[in-house]
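Please find below a colleague's note on this model, set out as numbered points.

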Amino acid sequence: GIDEKDRLPVIVSVHGGGYVYGSKEVYQFYAASLARQGFVVINYNYRLAPKYKFPAPLEDLNAVLNWMLKQQKDYPVDVDKVFLVGDSAGAQIASQYGAMYANSEYQAIMGIEVPKITLRALGLCCGTYDLQKRIREDAGKGVMRDYLGKEPERFAEKLDVLKYIEENYPPTYLFSSKGDFLMKECQPMAEFLKNKGVECEYKIYGNEQTGHVFLVDMRNEFSAEAN
């Protein structure tokens, strides 16, 4: 067995890619850089749209956390110190998972039972957080159609994530960059969380050349600072 004093906090990385692409391979150097800070890092793939629709990525993240719970006899994970980090679509997935984690009513609506872990905080980069607003703006084309199909209304309450965020939502660090096309999503979400009584900070990094999901590029001068 593993000695309790040897257990390390865990970072689970939820990759980006607009729900339709991206993989753990792209994130291997990023994950390794986080591991060097003294964390166990779980870098994984989830099922992608358009073949797999919502809520496949949330089910897969839940499966990873259940797996981690079962593997604690073999890996030095501290299941009471778990952090989710995500960028772009991964930030949206992680933020929605946080809502399920903190709200049993929303868990029931989603039909996903969250394992007995302690989610200490979320790190959300270059994401979009208001699914209902995104669906309206997307107008039935693009990534949201790939992810939700032609009739997102069939998911009803499941897409109303912000409605289920309350003050027990995990502490959150929201960040973006000046060259990120989703930069404008960062501050409203931070203010929304603060208004709900959630511990939250946000920051915009870099300059106009600092692009979307800059944190994964280990050569980017602002990546290390953000991480």
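The points below deal with the model's basis, one helix, one leucine and the nonpolar cores.

1. This is a predicted model, in which local features need pLDDT of at least 70 and side-chain atom pairs count only at pLDDT 80 or more, while totals for chains, interfaces and linings use all residues. Residues are numbered from 1 along each chain as its sequence is written, and side-chain values use heavy atoms, with hydrogens and water left out.

2. Helix H3, a DSSP run (H or I, at least four residues) numbered from the N terminus, covers residues 89–102 and reaches 20 Å from its first C-alpha to its last, close to the 20 Å expected at 1.5 Å a residue, the expected span being 1.5 Å times one less than the number of residues. Of the 14 residues in H3, 13 are buried (under 20% relative accessible area, 1.4 Å probe, protein chains only).

3. Leucine 58 lies in helix H2, residues 56–70, and is buried, with a relative accessible area of 0%. Leaving aside residues up to four places away in sequence, leucine 58 touches Ile93, Gln96, Tyr97, Met100, Met110, Ile112 and Tyr147, where contact means heavy atoms within 4.5 Å.

4. A nonpolar core is a set of buried Ala, Val, Leu, Ile, Met, Phe, Trp, Tyr and Cys residues joined through side-chain atoms within 4.5 Å. The largest has 54 residues, of which Val12, Leu58, Leu61, Met68, Tyr97 and Leu174 touch the most other members; H3 gives the most to this core, with seven residues. A second, separate core of 14 residues includes Ile11, Tyr30, Cys126 and Leu215.

How values were computed:
Helix = DSSP H or I, 4+ residues; strand = E, 2+ residues; numbered from the N terminus. Buried < 20%, exposed > 50% of the residue type's maximum accessible area, 1.4 Å probe, protein only.
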